There are 2 protein chains.
Amino acid sequence: MEKDLKKLFTEKGLKMTIQRVAILEYLMKTKTHPSADMIYEHISKKYPTITLSTVYNTLETLVNKGIIKKIPTFAGISRYDADLEPHVHLVMGDDKNVKIKDIYDKEIIQQIRTEVANKFNLDVDDNNIYLIIEEKRQQ
Amino acid sequence: MEKDLKKLFTEKGLKMTIQRVAILEYLMKTKTHPSADMIYEHISKKYPTITLSTVYNTLETLVNKGIIKKIPTFAGISRYDADLEPHVHLVMGDDKNVKIKDIYDKEIIQQIRTEVANKFNLDVDDNNIYLIIEEKRQQ
DNA sequence: TTTGTAAATTAAAAACATTCTATTTTACTA
DNA sequence: TAGTAAAATAGAATGTTTTTAATTTACAAA
């Protein structure tokens, strides 16, 4: 598995560092779509010298290289996902409690793509679609 | 028209102030889905004493009272809309250039609601749906 | 295996949008 | 018209993310 990561990093022109491996492996293992801070909290238990800057920088690099996905939320805090299988992110909840679900249903994805995206002449990947559903506000 | 606003504010238990009227009227007039800062820039030309805090506070109040909508984006900057006609917000572009389009097509809205929202047992209004399509990243 | 160097990590500061606090001002009721 | 609760203001504070400058590291080439 480490070999696979080595290959992946090399292909993308990235050096393989302890920090990058730790972050990517954690993201690949979890299904919680963690934030940068959540990732930092988790990783720093094993690697106490890692900094939050590194986590942010690493995530940005991995996103730009197409290795992971950055998920927008209404709470102003991005979440991350290493699952590149085509799927739609459904973001729900409220500012204090963001909930993210994955929609793998190909029909739904296809419908959204053809009915909405293509209507506006957009060239989108299946996994660049985020559906944000805000819960009703009080009063 | 001012009478209508007076009625609206009173109904919602809000005092009608110059600032609130200016902000709401601007939002009702424009179709640009402006950010708090854009609204501040526009309003402050006519009312130079208004502050950015007031714009934020007012927007928050209007959102909580259901008078306007707050639109999340991937750029970490919220945008606002006074159009309460049921429609879906399609958020596109990139961090530096957010583009928002309105989808009024009832069929599309209904499809997203029934196919996606109801599948997850969500009780959503038609205009609480935000579809964020991220453009492909470089490299 | 060692060395050179570009790339990555670090710590800290800065940037940015947004919220909060304490004070002053205002809208509206009586 | 005066009293009062609500709103606006100025400025500080917050929280997330980015940037900067210095140190450390990965890895290619000798």
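Begin by selecting DNA strand C together with the residues around it, of which there are 21, and colour Thr17(A), Thr51(A), Thr54(A), Lys6(B) and Tyr56(B), since these come nearest; a residue is taken as near a molecule or strand if one of its heavy atoms lies within 4 Å of it. Of the atoms of DNA strand C that come within 4 Å of the protein, sugar and phosphate account for 81%.

Before going further, note that this is a predicted model, in which local features need pLDDT of at least 70 and side-chain atom pairs count only at pLDDT 80 or more, whereas totals for chains, interfaces and linings use all residues. Residues are numbered from 1 along each chain as its sequence is written, chains are lettered from A and ligands numbered from 1 in the order in which they are written, and side-chain values use heavy atoms, with hydrogens and water left out.

**Stop 1: polar contacts to DNA strand C**

Keep DNA strand C on display and show the side chain of Tyr56(B), where an N or O atom is 2.3 Å from a phosphate oxygen of the strand. A polar contact here is a pair of N or O atoms within 3.5 Å; within protein, one must be able to donate a hydrogen and the other to accept it, and residues adjacent in sequence count only if both atoms are side-chain atoms. Next select Lys15(B), which places a polar side-chain atom 3.5 Å from a base nitrogen of DNA strand C. At Gly76(B) the backbone takes part, with an N or O atom that lies 3.4 Å from a sugar or linking oxygen of DNA strand C.

Now show the cartoon and pick out helix H2 (18-29) and helix H4 (52-64) of chain A and helix H4 (52-64) of chain B, each of which supplies at least two residues of the surface near DNA strand C. Helices (H or I, at least four residues) and strands (E, at least two) are DSSP runs, numbered from the N terminus. H4(A) gives the largest share of that surface, four residues. Coloured by class, the surface near DNA strand C has six nonpolar, eleven polar and four charged residues, where Ala, Val, Leu, Ile, Met, Phe, Trp, Tyr, Cys and Pro count as nonpolar, Asp, Glu, Lys and Arg as charged, and the others, Gly among them, as polar.

**Stop 2: DNA strand D**

Move to DNA strand D, which has 22 residues around it, with Tyr56(A), Thr17(B), Thr51(B), Ser53(B) and Thr54(B) coming nearest. Sugar and phosphate account for 76% of the atoms of DNA strand D that come within 4 Å of the protein.

Show backbone atoms here, beginning with Ser78(A), where a polar backbone atom is 2.9 Å from a phosphate oxygen of DNA strand D. In chain B, a backbone N or O atom of Thr49(B) lies 3.1 Å from a phosphate oxygen of the strand, and a backbone N or O atom of Thr51(B) lies 3.4 Å from a phosphate oxygen of DNA strand D. The helices to highlight are H4 of chain A and H2 and H4 of chain B, each supplying at least two residues of this surface. By class, the surface near DNA strand D has six nonpolar, twelve polar and four charged residues.

**Stop 3: chain A**

Hide the DNA and follow chain A, which contains five helices and five strands, in the order α-α-α-α-β-β-β-β-α-β from the N terminus on. The C-alpha trace of chain A spans about 45 × 40 × 20 Å along its principal axes.

Select Ala22(A), Ile23(A), Tyr26(A) and Leu27(A) in H2(A), which meet Ile39(A), His42(A) and Ile43(A) in H3(A); contact means heavy atoms within 4.5 Å. This contact of H2(A) with H3(A) has six nonpolar, one polar and no charged residues.

**Stop 4: H3 and H4 of chain B**

Finish in chain B by selecting Ala36(B), Asp37(B), Ile39(B) and Tyr40(B) in H3(B), which meet Leu52(B), Val55(B), Tyr56(B) and Leu59(B) in H4(B). The residues of this contact comprise seven nonpolar, no polar and one charged. Tyr56(B) thus appears twice on the tour, as it is also among the residues that come nearest to DNA strand C.
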